[in-house]
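Q: Could you take me on a close tour of one part of this model, going residue by residue, and then show me how it sits in the rest of the chain? I would like the cut-offs explained as we go.

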Amino acid sequence: LIPNYLRFIRGVVDSEDLPLNISRETLQHNLVLEKIKSSIIQKVINELKKNKEELIEDYLKFWNNFGSVLKEGLCESDFDHEKLLEICIFRSSIHNRLISLDEYISNFKEGQKTIYYLSGDNVDKLLSSPQIEGFLNKGIDVLLFTDPVDNFWVNNYIKYKDYDIKSVTRSNIDLEQDVDKDKEKGANNESSKDTKQDEGQYSKLIEYFKKVLGNLVKDVKISRKLTSSIACLTVGDSGMDMYTERLLMEQRRSSFQVPKVLEINPKHPIIQRINSDLLAEDQHSIISNEELVKLIFDEACIIEGQLPSNVVEFSRRINNIMVSYEGLAKIVNTININYNVSDQMHYDYLYGAVRKQKRWAKTETKEEKKQREKEQELQNLISNYYKYNIVRTKEALKILTAEQIEIIRNKNNKGGVK
């Protein structure tokens with residue numbers, strides 16, 4: 001008499017309309033039983049909706065016990081899913097409590113037409129995910145789905161009251177365009193221009209990432225949602241949700257991991273450093289940055305709960321960084337020279353000096369060459385740490401003696417750098 005997703009209900013139904021001859025076949029194809037079943041479902045849904053609106057505290061207790069079971073009905077096809085979604089509540093990333101979809105819609109930002117969600121193991125991990133930092137920065141709420149059943153119904157029914165239900169892990173999300181599309185008529189055109197401008201400005205960077213990562217990624221894009229994180233993985237609209245894919249692989253129902261789209265944050269210092277090396281055509285840095293690009297991709301995989309493509313190589317890259325950091329830290333601790341200059345001057349002295357070493361070598365004297373060879377190993381160590389964003393430039397320059405700083409300054413002046 002009741003579907004499986006209402007199995008927490010117990011009761012007895014009395015009816016004078018049932019036939020006296022009872023058999024399995026008559027029960028399966030009896031119109032009276034179908035009407036009784038439909039009436040029971042409708043009555044239960046209406047009572048639950050009434051409790052949700054009038055007795056929220058009691059409803060929260062009910063939801064904590066039977067919410068996951070009730071959402072199983074969204075995966076079935078014999079009921080009005082919109083009515084069932086009306087009594088469902090989900091964790092809000094902004095309000096940090098359970099809210100209904102109607103309440104989520106009432107809190108839409110101006111021009112917003114999409115209900116955003118993120119699936120994962122627990123709320124704490126989801127709140128710290130790079131996927132939602134851009135949304136929270138703009139005050140856009142993201143629903144946090146932590147029940148495994150959420151990943152199945154949301155792939156079948158992606159609308160609620162004409163509003164799209166969309167995962168924030170999709171690769172085509174543009175917050176500026178999605179939220180502002182109902183404002184001025186030219187808003188979409190401006191957003192499209194910004195997207196094309198980013199693609200043109202960072203075209204070399206995107207091609208460089210694609211070349212280094214190869215078949216490990218489906219595509220590389222400039223992110224329109226990241227704010228502080230360096231990168232994240234996303235999937236296309238037709239692709240399977242990453243959390244759903246991971247669940248299927250854990251249950252051994254799938255053995256193939258589809259390549260993802262890597263989105264990079266062009267405002268992150270490391271990405272800017274890599275892009276600057278490409279524009280400057282610094283071949284030495286371009287080659288050394290390949291390991292950094294692979295490390296960025298491995299980091300994005302780990303954040304999404306996936307193993308790096310090559311765990312041994314990932315471990316080697318981490319070990320190399322730790323070994324280099326330990327050596328530099330010892331030098332910083334043993335040499336304490338205070339030389340206060342602005343951050344921009346530090347950048348000019350340090351990075352400018354390293355970039356122009358080859359050009360200096362053509363005009364330097366024997367004494368200068370001898371001096372340069374002594375300083376070469378130290379300067380390479382400092383420049384590598386600057387590009388890996390492990391030690392700030394100001395801290396790195398404390399390693400240099402006053403005489404070395406003067407040498408760098410004189411050489412920069414010769415090259416026209418102030």
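A: Happy to! Let's start at Phe66, which counts as partly exposed because its relative accessibility is 31%; buried means under 20% relative accessible area, exposed over 50%, and partly exposed in between, with a 1.4 Å probe and protein chains only. Please keep in mind that this is a predicted model, in which local features need pLDDT of at least 70, side-chain atom pairs count only at pLDDT 80 or more, and totals for chains, interfaces and linings use all residues. Residues are numbered from 1 along each chain as its sequence is written, and side-chain values use heavy atoms, with hydrogens and water left out.

Phe66 shares helix H3 with Phe62, four residues away, about one turn of the helix. Helices (H or I, at least four residues) and strands (E, at least two) are DSSP runs, numbered from the N terminus. Phe62 has a relative accessible area of 15%, so this residue is buried.

Now for the rings. There are twelve aromatic pairs in the structure. One of them is Tyr59 with Trp63, which is stacked because the ring centres are 6.3 Å apart and the planes meet at 25°. Rings of Phe, Tyr and Trp (its six-membered ring) pair if their centres lie within 6.5 Å; planes under 30 degrees apart count as stacked, over 60 as edge-to-face and the rest as tilted. Like the Phe pair, Tyr59 and Trp63 are both in helix H3, four residues apart, about one turn of the helix. Tyr59 is buried because its relative accessibility is 2%, and Trp63 is buried at 7%. As for Phe62 and Phe66, their ring centres are 5.7 Å apart with planes at 40°, so that pair is tilted. Together with Phe8, these four residues, Tyr59, Phe62, Trp63 and Phe66, form one aromatic cluster.

Just past this helix comes Lys71, in the loop between helix H3 (56-70) and helix H4 (81-86). Perhaps a surprise for a lysine: Lys71 counts as buried, because its relative accessibility is 3%. Which residues does Lys71 touch, leaving aside its neighbours within four places in sequence? They are Trp63, Cys88, Phe90, Asp147, Val149, Asp150 and Trp153, where contact means heavy atoms within 4.5 Å. Trp63 thus links back to our cluster, as a member of it and a contact of Lys71.

Stepping back, the chain has 20 helices and nine strands, and 42% of its 418 residues count as buried. Among contacts with a separation of 6 or more, 74% join residues 24 or more positions apart.

Elsewhere, helix H11 (residues 203-213) packs against helix H14 (residues 283-303) at an angle of about 75°, their axes lying 10 Å apart. Axes are lines fitted to C-alpha atoms, for helices over the stretch in contact, and angles run from 0 to 180 degrees between N-to-C directions. H11 and H14 are therefore roughly perpendicular; under 35 degrees counts as roughly parallel, over 145 as roughly antiparallel, 65 to 115 as roughly perpendicular and the rest as oblique. On the H11 side, the contact residues are Tyr208, Phe209, Val212 and Leu213, while those of H14 include Ile286, Asn289 and Glu290.
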